[in-house]
Every structure is written in C-alpha cells, then in structure tokens.
Amino acid sequence: MAEDSSLSGGAPMHRGPYISMITNRTMNLLIRAAMLFMVGVFLALVLNLLQVQRNVTLFPPDVISSIFSSAWWLPPCCGTAAALIGLLYPCMDRRLGEPHKLKREWSNVMRCVAVFVGINHASAKVDFVNNVQLSLTLAALSVGLWWTFDRSRSGFGLGVIIAILATLATQLLVYNGVFQYTSPDFLYIRSWLPCIFFAGVITVGNIGRQLALYEYKVSQEKTHQD
Amino acid sequence: MNEIQEERLRQNISAAFYRHGLLCASYPVPIILFTSASILTCCYPLLKLPLPGTGPVEFTTGVRDYSTPSHESQGDLSERPDWYRGPPVAYIQQVLVKAAVSPWDNSLVPVDVFRSPLGRVFSVLEEIRNHVYTDRSLEALCLQVTDLLPGLRRMQAVLPEHGCLLVSPGNYWQNRRDLFDADPDLLKTVHQHEPKGLHTSATLKDLLFGVPGKQTGVNLYSKKRVVTYTITIALSSYDARFVASLRARLKQLHPSANCTLREDHMVHVHFKEEIGIAELIPLVTTYIILFAYIYFSTRKIDMVKSKWGLALAAVVTVLSSLLMSVGLCTLFGLTPTLNGGEIFPYLVVVIGLENVLVLTKSVVSTPVDLEVKLRIAQGLSNESWSIMKNMATELCIILIGYFTFVPAIQEFCLFAVVGLVSDFFLQMFFFTTVLSIDIRRMELADLNRRLPAEAGMPPPKPGPLRPRETPPPPRPSPHTITLQAPAFRNLRLPKRLRVVYFLARTRLAQRIIMVGTVIWIGILVYTDPAGLRTFLAAQVSEQSPLGEAGLPPHLGVAPVFPGGDPTSTLSGLPAPEPTPLPENQSQGHRAAHPEVAPVSSPQITWGPEDEELWRRLSFRHWPSLFSYYNITLAKRYISILPVIPVTLHLSPQEAIDTRHPQDTHHAPPPSIKTSDLQTDLTLYKVAALGLFAGVVLVLLLFCLYRVLCPRNYGQNGVPHGRRRRGDLPCDEYGYSPPISEISPLLLRGHSMDIECLASDGMLLASCCLVGHIRVWDAQTGDCLTVIPNNGLRRSSSSGCWEHRDGWDHISACEAESLLGADFREPGGGAVGGQDVDIFPIRRRTTPARPALFGDQPDLTPLIDTNFGLSPPSQALSSSGFDFGGLVEKAYQEHEPSPTLAFPPSPPPVLPPELPPQNNGDWDSSVWAMELRGNLIATGRSSGKLELWDAVEGSLRCSNEDGVSGITALAFLNNRIVAARLNGSLDFFTVEITKPLGLLQYRGPPGRGSLPPSPCYSSEDVISCQLTRSVQCAHQKPITVLKAAAGRVVTGSQDHTVRVYRLEDSCCLFTLQGHSGGITAIYIDQTMVLASGGQDGTICVWDVLTGSRVSHVYGHRGDVTSLVCTTSCIISSGLDDLICIWDRSTGIKLYSIQQEVGCGASLGVISESLLVTGGQGCVSFWDLNYGDLLQTVYLGQSSEGQSVRQLLVLDNAAIVCDFGSELSLVYVPSVLEKLD
C-alpha cells in the first residue's frame, strides 16, 4: 500500500493530477466510499419517500414535517451501509480471484439501479391481493435482478447474508419501538423487506464494482509498466 | 444430437438475418417509409386516449331527473364517463349575490359602493341558515367539516370549523354583523389574507367571495359600483326539494328581474390525481436514472458517421416501440389504467437500448472494405443468435411476471411484451436501415477524403458527399485557418472555456429564457385563466364595435330603474345591432355603460356569463377549499348545482346609515379617468418591470459577451486577406490562444521538392527529388554543404563541380568486379589508374545543368536564407549572410587536408573525394537518408549505400553490395541498417581507422559545438562493411525501419513487424497482429514499440517479450504516423484524424479532426506539446487538453503545399519540409518550459 502510494507519488510527471489522485489507493478508496455514501443517502431518501407516501412506514408524527420525512438517522445509516457494501464487493472479488465478468458498463449499472427503484416502486404502489404474493413476486424480481446484472455466486451469497443481517437489525429496531410498519406480517416487519435488502445489496455492489473498475484499470496498467 | 439441432437453428437464424440485412441495406427508403407508416398506424388509436393532464373534467346532467349515480358501472349510458360513479364528495350550491347602491348620487363616498352591499350578506346568510323545509334544515344536509389542517392555523379565524362548510365574505368578520360594523377599513381586512407575490392557486379572497377577484367590485375605484359575491354551501347529500325551496325563498325575498339564468343543469367536475412534490421526487429520480441510462448507452456508439444521428435513431426506436405497444393494446380493447408517466421509465429500461448498440457495434466491426450491403448483412448475422437469445430470455421473464396475477403487473407485462416485439420489429427494419444509410454516408465521406486535396478538382457532388458537419469550403484567402469548425473537433478544453463555449454554441441562456417565458405564460393561462381571460374579455368588449358603434350613446345615460324592465327600454330603440341575440342585448348594454358620463347609477344585470361563474375561478379552487379540511378531491368529483341569483338594491340612505365613522375620511373619489388608469396600473407596473428586467438582462448578456468574446465574433465581413503571417487563428467564439511570436526560418536552396530529411540535433540534412543533399546548421539555419547528385563531382582542389556521367558509363562493368565492400582496399591502385584513364572526360559538362554549376562556387543564388520579414535582396549577399564566402573559406581551409590526411595510406594516393564509381546511378534517386555525427548515410534506389561527410560534402565511402533499392535506413552507433525493396535487410558496420599522425586533429571547423555520438573527423578512414544480410527478412517490401535502444524494428507490407538485435543482427521476434501492411512504427529508448498498419489498427508491443500489449482500431484507412510520449500514443491516419490514446490502457482519450489531406506528420516537442503539419503551416497543440495553441504559417503562398515530413530537434526546434524549402521553427516558449 505504502509502496503503491509512493510509486504513484514518485511519478507525478507522467500523469495529470487527476489520474495520480485516482491512482493513490487510499485516496481512491475515500472517493469511492464518499460516492457510495452519497448514492446510499439519495436512494434512502427517495425510496423512503415512496414508502411514507403510501403510509407503509410510520415514523413518530412530530418528525413528519418536511420532505425528509423520516428520521434523521436513516439516510446516514443507509449511506454507510452502501459504502461498506460497495467497497466490500470488489474487495471480495479480488480475494476470491473471480472478477466480475458480466458486462461492466455504466449503462448496465444504470439499468440495475432503475430496476431496483422499480422494485421499490412496485412494493409501495402496486396493490397486491395478499402479502405472500407480494413477497413472492418481489423475491422473484430480486433474484431476476441478480441474474441479470450480477450472476456471481459470491454476489449472491453476500447479498443473502447482508439481507438477513439487515432484516434482523430492522426487527430489533421495530421491536424497540424506533419506528413501525403499518401492517406487519413477518414478526414486526413486512415480509418483502429481505427481498428489497437483497436487491439493494446487489445494486450497490454493482455500483461499487463499477467504481472500482477505474482503480483496477489504473493499477493494471501500472503493474504492466513495472 | 441436440447440439446439432441447435447449430442448425443457429445457422438458419444467421442466414435469415443475413438475407434481411441485405434487404434492408438494398432498399433503405421504401423500408423506412414502410416502418414510419406502420408506426403511425399503430399509434393511431392513441388519438382516442385523453391527453394527460391534471385539469378537471366536466360532465353535465339535468337537474330534474338527477339521481345519485350508483357504484356499479352501467354499460347502457355510453356517454357517461367512468368516473361518474357513486356520490360526489359534495354538492356545491352557490348563491350569487349582486348588490348595488342605487340610485348613486354624488354625496356618497367610494366606500359606500361595497360597505352596505357587503353588510347585507349577514341577513342573507341568516336566511339560508334558518331555512327549513319540511323538518329538513341546512344543518342536516350540509357537509360537516372538522378541524382545519394543522398548518392553516392563521386561517382558523376565517374558515368555518366543526360545522357546515358554508363560506361567504361574512367569514372575514366571523359572520358577525357587529364586527363588520366596527371594522374601520374593510379593504384592509379583506386583503390582509392575500398572499404576496405571484400566486397560481386559489386565494382566500377567491374562496370566500366565490367569484374572481376582479369581479367582486370590492374596491374604491369600481366603475360599475356593483358588488358581486357568492355564498357557497357544500351539501353532503342532495335533497332536490330542499334546494328548490331555498331557491324559491331567496328569489322571492330578493327578486332578480330580467334574470334568465338557466337552472336545469348541474355540472359534475372530476379532478385528476394531483402530483405533489413528494410523489414528484421519486418520479424525477426514475427519469434521471433513465436519462443516465440512455446517456451511458448511446455514448458507446462509435465509429459511425453521425453519432448523434444514430443515438437519436436508437431513442426513437425505443420510444416509438412503446407508443406502438400502447397503441396496439388500445386497439385490442385494453385501456391503460396505469399511470403512464410512472411506468414509462421502467418500460424503457426493460426494453433497453442494448440490442441497438450491439447491432451497431457488430456492423461497425465488419471489414471496412466490404460493400455496405454485405457489411450490414454480416453484422446482423453475427449478432443474430445473441439477439434472439436475449429476446427469448426477456420474453420468458416477462411471461413469468404475467403469471403473478397481480393486475398492475400483468398490465405492465402485457405492455412490455408488445413493446418488446414491436421494438424488435423496429430494430430490424428501422434501425438497421438507418445504420446502413449512415455507413454508406461514412464510406462516401471516406472516399471523398481519400481524394488528394491537391488534386484540385472539386467533387462532382459536393453536397451529398460531404459530411453534414463540415463547414462550407474554405474561403479563397491565402491564409485559411487549417482547422475545421470547433464543433467538429473533439477537444479537451479547459472546463471553464468548455462551459462558455457550450453556452455560446447552443445559445442556451436565450433558449432557457424563452422556454421559461413560454412555460410561465402557459402556467398562467392554464392555472389562473380567470385573471387573464377576464382581462382579455374586458379588452375585447371595450373595443368591440358592437359596444361603441352598435348602440347610440344616449342609451347608457338613460336611467335604469330598479326593478325596471330593461327589455322595455330596449324595445323602444331602433335596435340597430346586426346580431340582436337576446343574451347579447344586456351584455351590449352593459358594455356600453363604461363609456358614459362619470356619474351614473349602477345597474345590476344578469347575463349568461353569470350562470357558471365558478368556471372563471382557478381550477384549483375547489380542491384547495376541500384540502383545507384534509378532504382530497383527487380522482373524485363534485357536483355543482345551478346558481341561485340574488339581487340586492340598496338605497343611498341605507348606505349612509351603515357607514363607519372613518369611511368619510377617505379621499374623495378620483375622477373616472384616473381611476380608470388606476385599475390598469398594476398591469402597467408589471409591464414596466418586465421591460426593465429585459433591458437589464440584455445589457448583462451584452457585457458578458464583450468580456468573453473580445474579438470579432460573428463578424463575417472581416477580410481574411488582411491576416498577416503569424496571425493567430481566432476561434469561432473569438478565443485566441496566447500570442507568442513564432516566425519560421525558411531554408531555401533546393530546386525540387524535398524527399528526405534527417537530423542529429545539430546538423540537418535534406535531400530533394533531384538528389541534391544539403546540410544545414540546425541552430542558425546556415547552409553548410551542398552535395549534388553524385553524377556531379566536386573537385576540392579547384572548388568546382564536374560532370561525371560519361565516366560512369565507361567504368561500370570493371568497377563492379573490382570493388569489394571497402573501396580502401589495396586494389585501389588499379582503380586509381582507371580514374586517370578517364580523366579527360571530366571536363565535359552537359548543357542540361550549366547555370547552377559554374566554375566558381557562386552559392548566393542557391543559399537564399529568407528570414521571413525582410524580402531577399541584393544587400544580403554583400552582408554577413553571404554563405558563399563562408563555404568558400571552409573549402580553403580544407584544401590542404587531403594531402595531409593520407600520408600513411598506401602508395597510390587516392583523394577520398574521388571514389570509384561503378555503375550509372547518378540518376538513381535517394530513397533514404540518415545523419549521425557528421556522416550522412544515403540509400539509393539502385541499392547503393553511401556515406558522405556532412561538412565537407565529400563521399567517404560507399557500398554496392545490394542491388535492390534501399527503402529505409537506420544509423545507430556506427551501425547502419538498410532495408531493401526486396524485403532483405542489410546490416553494415562503419569502421573508423584513425590516421596515425593526426590523432590530435580536431574535427571540422565551422560549427562551434561538437556533434554528439560518433564524431568522424574528415581525416579518418571510414569503411562501411556489410556484416550480415538477412535475405528474406520479409516477404514483401520493407516499408518502415526504426532503430532505438539496440533494437531494429522493421515493418513490411507482409503485415508483420520484426524485431532484430542491432549487435548481432539476430531476429528476436516476428510480431503478427495487423491485417494490413505496416505503415508506421515507433520505438524509443524505453523500448516502447508501437506499430500502425493499413488496416487502421495500432498495436503496442512489449519488445522484451514480443507480446502484444494493446490493440486498438483507430483509423479508417492507413495509420500514417505514430508518436509516443510517456503517457500517450499519438497517431494520425489517412482519415485526417489525430487520435490520442492512453498508452497503457489503449483507451482513446480524444481525437482531433484535421483538414483534408494534412494529417500525416507528427512530432512531440515536449511531454505536452504536439506539433502537426498542415497545409502550409504547422500547428502546436497542448496534449493535456487537446487545444490548439498556435498555428504557424510557413509562407505567404502556401496554398497547395502541405508539410509531409516533420522532425523535432533537440533544441526545441522543429524542421519540416515545405515544398522545395525547409522550414525551421523555434518554439521559444517550450524552452522556458523545459527549463
């Protein structure tokens, strides 16, 4: 790591300041984390707005007064989670040595994000006959999302693990009365929540991998030069 | 078995796609017409769908047979809209009160116009509240409301809570007469709730008065002196008898004469779902994601003629497939119930642009030399399998979605399926055809470009052949700007400039302002039609000839008595109106009124416009009223009952009685004229303000423009002939690069075009078509030596040139047998003898070249050093620039040197300048030339290699081992490598034998500094020995030969690149990767090897391992030259494009489009400065940003001359050929940068 940074610092003449900044690994990590954090915050705000509109989630009434109608802690939490997941995915890819091979383009990532928002939209707006149907549909959609945009076993595993953990955390939060769902059907929460978490993890992982691609490219070229 | 079947299927699909591609490319126009027709046909059912919008929808029914519609839809009533089900949210009953004090007399103050009429509202209210019809009271029927929304606490005092929703102007005073009477300033009370600034929705005044603000008449300057207001009652259930009795009661109490309002219709108003900000944010987000998706997708389209055109076609394909899907679904009876705006982005994402991009990529990557038809067909068939597979997968996924049996998802899936199919159809027909047209255009443009620009003949059809983006042909001024319009360049400008350019190019600011204004006006008209429409109506009615000319003026003066019948008054008139409609009579009457005498009694008239006065209210009037009580009207409807007219006539006495003591303190009423002005004052104010803002904006933009574009932007009339040399080209936007004077130094002397150019940093050697070699000082530009074609020999003793052609013919055969590799062999004696034998022929001169080569070396006409600014004159020759004298002096100095040089040499003293010539190659031309130290190596078409002394101009050695012409030479560390036409490669070693007694002798004078690498003094005996000859280095002629870092790299037309080690001439690698002949090679000290070929590809190789690092497809046509810096590769091609690639990743950073026929020569001066040769000029570019720094014009009449060769010298000078001249350009700024 230190070697890397010194190397890139030692050869600033070769590249512009932007490239050398990206080459710097810690800097790169920070930038990526910040970007992922912002993506997470943004998605949390927008998607929560969808849920609050349809009275799916209830927050204490005094908080609901602004557009940021949920609790203040929610977006930062989502942002942090997004940053962690988004950094974890490329890292895991590198560790496992099986890089993500599917079409790695920004247009694909955008498509993935759009589908994710669509899944949320459907969960909030489409009127289903019963909750089981809703949950099953969303689960199928989430797996479809994984198959379309990820297709890596590691991605699936990580997604499932994080979805389970997040569901547990939400259960605890609701149990302690921080907020509540209007019509819980899976202990204290809605049964489609794990699916949403899973889809979110896949999406954020996709973004993280795409962001990491830049660093990967630069470092690849560097090793080649050496 | 299964695999075989799959393979067969695959082949079938591929063949079908191939045929389809041929069809599409063959008949583009009919197919596009057919597709457009089918799109339009499929979209036709969309016309029946209501336009999207949030405006309310109305439905009118009769009052008499009204019954609350049931919840079930009844199919029998087809005209009944589907929202008209179930009871409405409320029935709105309005009581329209028109009140006036009449007759008006001058003792009354302006406040009297509305104080007593408003005061009467309380009695009417009382009447309504207390009205009972068969034990039904208003309390039982009216809509009971609860709390106001928490955010509306300031309205609590005004709007009713916990009771009937009944609003009237009385609410301002809590419906209490005593508060009203005690109110000193009614207007202030009314207006204190009005919001400031522009408002588009209903205000409190509108809500309470129930009529548009202008019509209430509650102001001090009312012309009509009639006060209008409504009492609005919201009923929860409709009791026809109660309403009828209320109507009868009020009419009876306050009869309205001449009232012809229709009372038999009730209007049901349905409100669409409102989109709040909270719903808008996710929607906007999805659209942003959609646009990002489209952006990232279309960005990948590359290598086509018009990127934007294809991107547009792709988007059109997707959008029209969506429209087709909706249209088809509608056609087959499925009405869309989903919110189109919401699901639209998801549909686009599901259908996707991928196929389109894959198609483009596949077609583009087919071989360029094929016919367009075949390319399209091949591209299609290559991707056919994956397209079909993807399509099948998507259809499967969507079908799975269909079986979720959720109505919304099913509908979505249905749309998606139809959309996918129609998208496939459009891709196959529409997009493929567009692509074929695009590719054809590109090839035409290529063809056009390949025609040499010097040919001078204009293309027969310049219009269709030229790309659309190219500007009109250059102006016939001598110094045209060599760059194309910046829009065509793909540059990296500084960000700030790019933003400014973008703004300027698109005129974004102006367009935004324009669009903003239009939208604003649209919003005004749409949301608040009352104000504008009434204003317009008033204008029209005031100016209408009907009102002014149609009625005699005395009509308005006639007093209209309260309760009097106006029709009787009218009947007495001659009634000259051309269109005497009964409704229009009263209106015309009223309209004529304002024109009459200042003091007139107000009169109350009822016209059809009063029937549905609520229509003039904002369409958000009712939703906002109900939303105060948290009742939403979205997707619901209200029923508006016919209005109950109430006319109140008050006597002046009554008005005086109800006066508040402060009322009289008000100023007396101003004259009608001024009041007339006053009413319109707001309008004028707004207009003045707008005008002022506009002027300020214009001034601001003008200043901005002056600041940003200080030069003559947009002035086409600037005569370009006035542009001096060195004048900088000004951008389209007036941006000009920083000026630093760079004046080229022209080196003249050659009589023909310069063929070869070589330099070692200090010296510069050039060779022209005739074969004359000239050596110049690279620092000063002085001509040091002239070596004529070797048919002419210079005798150093006499200092004259002599023709030797006759000798050559005679001695050809003998010399060939006599001479080995080294002419300094002892056998030289015989040679010398032969030389003596033919001596007499020496003196013979041919008449062909008598002028140039006289007896005396009069070099003044040859060495004409033009310094650009002062014209060449006779004074030059006599001044210090007389190089003839200088060279002569140098000759004098060296005259004794031959005798001094060879005392130890073998007895037959042979002057080195008289080497034996063996064959008749004086007419063989120089094909390659290299310069190291002060030795010039020339390779001739006859296969002869010669070494010349650069300073003395004497032939030091020559070698005729090969007979095939030398196409390229490399001279590196006393080794010379010659590539020959037959594909063989010869390695020579230059050996220097220092003469014994003269080791201390210094090198040639005339140049201050010592040349770098091997320095050969003129006394050294130089021999050139063939060490190795690789006979079949390549199968075809070697085109490029480069040597650096101990490696020799050759490129040949046989598509391969070979790497040899210089020391042992051993072939290390044969690099294969190109699919065309090699045209350019770059290798430098860091062992970076890049090669470019005729196929337009550029390969980067690892010289150590022989592996290919990257392979990019960069140019259409040959790669003409290649240069690398430490971070990037710069290539230029026959397509006049200069591409800059990232060296390690092979990603194209950007490209520069140059003018036709001038992109061949490249040079890198420093890490960030690129120099390119153009038509009579050289251009300097900043490599980091790709912007043009400067263009230096080489000569005055430089039209047809293009710079073909360009050398960068060590001292930050560049030298380039320029017809028969050489041009030496110093770049002083770079020197500073380097320091």
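User: What is the relative accessible area of B:Arg176?
Analyst: The structure shown is a predicted model, and the values discussed here are computed from it. Buried means under 20% relative accessible area and exposed means over 50%, and B:Arg176 counts as partly exposed because its value falls between those two limits. The relative accessible area of B:Arg176 is 43%.

User: Which residue forms a salt bridge with B:Arg176?
Analyst: Side chains of opposite charge can pair when their charged atoms come close. For B:Arg176 the closest N and O atoms of the pair are 3.5 Å apart, and the cut-off for a salt bridge is 4 Å. The partner is itself partly exposed, with a relative accessibility of 43%. The residue that forms this salt bridge with B:Arg176 is B:Asp178.

User: Which residues are joined into one network by salt bridges that share partners?
Analyst: A search of the whole structure, over all chains, finds nine salt bridges. Where such bridges share partners, they can be read together as a network, and one network of this kind is made up of residues of chain A. Its members are A:Asp93, A:Asp150 and A:Arg209.

User: How many residues apart in sequence are the parts that the pair A:Arg209 and A:Asp150 ties together?
Analyst: A:Arg209 forms a salt bridge with A:Asp150, and the closest N and O atoms of the two are 3.3 Å apart. A:Arg209 belongs to helix α8 (residues 193–225) of chain A, while A:Asp150 sits in the loop between α6 (131–149) and α7 (153–175), so the pair connects separate parts of the chain. Both partners are buried, A:Arg209 at 1% relative accessibility and A:Asp150 at 4%. The parts tied together by this pair are apart in sequence by 59 residues.

User: Which residue of chain A forms a salt bridge with B:Glu394?
Analyst: The closest N and O atoms of this pair are 3.5 Å apart. B:Glu394 lies in helix α14 (residues 372–402) of chain B and its partner in helix α5 (residues 106–125) of chain A, so the salt bridge joins two chains. B:Glu394 is partly exposed at 22% relative accessible area, whereas the partner is buried at 10%. The partner in chain A is A:Arg111.

User: What percentage of the residues in chain A is buried?
Analyst: Chain A holds eight helices and two strands, which follow one another along the sequence in the pattern α-α-α-β-α-α-α-α-β-α. Among its contacts between residues at least 6 apart in sequence, 75% join residues at least 24 apart. The chain exposes about 11,300 Å², of which carbon and sulfur atoms supply 69%. Of the 226 residues in chain A, the buried ones make up 49%.

User: What is the approximate phi of A:Arg151?
Analyst: Most residues other than glycine have a negative phi. A:Arg151, although it is not a glycine, has a positive phi, and the residue lies in the loop between α6 and α7 of chain A. A:Arg151 counts as partly exposed, at 44% relative accessibility. Its phi is about 65 degrees.

User: Where in chain B is B:Gln174 found?
Analyst: B:Gln174 is also not a glycine, yet has a positive phi of about 55 degrees. At 39% relative accessibility, B:Gln174 counts as partly exposed. Its place in chain B is the loop between β7 (166–167) and α6 (177–182).

User: In which helix of chain B is B:Leu310 placed?
Analyst: B:Leu310 is buried, with a relative accessibility of 1%, and leaving aside residues up to four places away in sequence, it touches several others, including B:Ile301, B:Phe431 and B:Asp438. The C-alpha atoms of B:Leu310 and B:Thr298, which are twelve residues apart along the chain, are separated by 8.3 Å. The helix that holds B:Leu310 spans residues 307–331 and is α11.

User: By how many degrees, on average and with direction ignored, are neighbouring strands turned against each other in the sheet β32-β33-β34-β35 of chain B?
Analyst: Four strands form this open sheet, with antiparallel pairing. β32 (1078–1083) and β35 (1108–1113) stand at the edges with a single partner strand each, so one side of each has no neighbour in the sheet. The average turn between neighbouring strands is 15 degrees.

User: Which residue in β35(B) stands opposite B:Trp1101?
Analyst: Strand β34 (residues 1097–1102) of chain B runs antiparallel to β35(B) and is joined to it by five bridges. The residue of β35(B) opposite B:Trp1101 is B:Arg1108.

Definitions and conventions:
Residues are numbered from 1 along each chain as its sequence is written. Chains are lettered from A and ligands numbered from 1 in the order in which they are written. This is a predicted model: local features need pLDDT of at least 70, side-chain atom pairs count only at pLDDT 80 or more; totals for chains, interfaces and linings use all residues. Side-chain values use heavy atoms; hydrogens and water are left out. Buried means under 20% relative accessible area, exposed over 50%, partly exposed in between (1.4 Å probe, protein chains only). Contact means heavy atoms within 4.5 Å. Accessible areas come from the Shrake-Rupley method with a 1.4 Å probe; for residues, only the protein chains shown count as cover. A salt bridge is a side-chain nitrogen of Lys or Arg within 4 Å of a carboxyl oxygen of Asp or Glu. Two strands pair if DSSP finds at least two bridges between them. Axes are lines fitted to C-alpha atoms, for helices over the stretch in contact, and angles run from 0 to 180 degrees between N-to-C directions.
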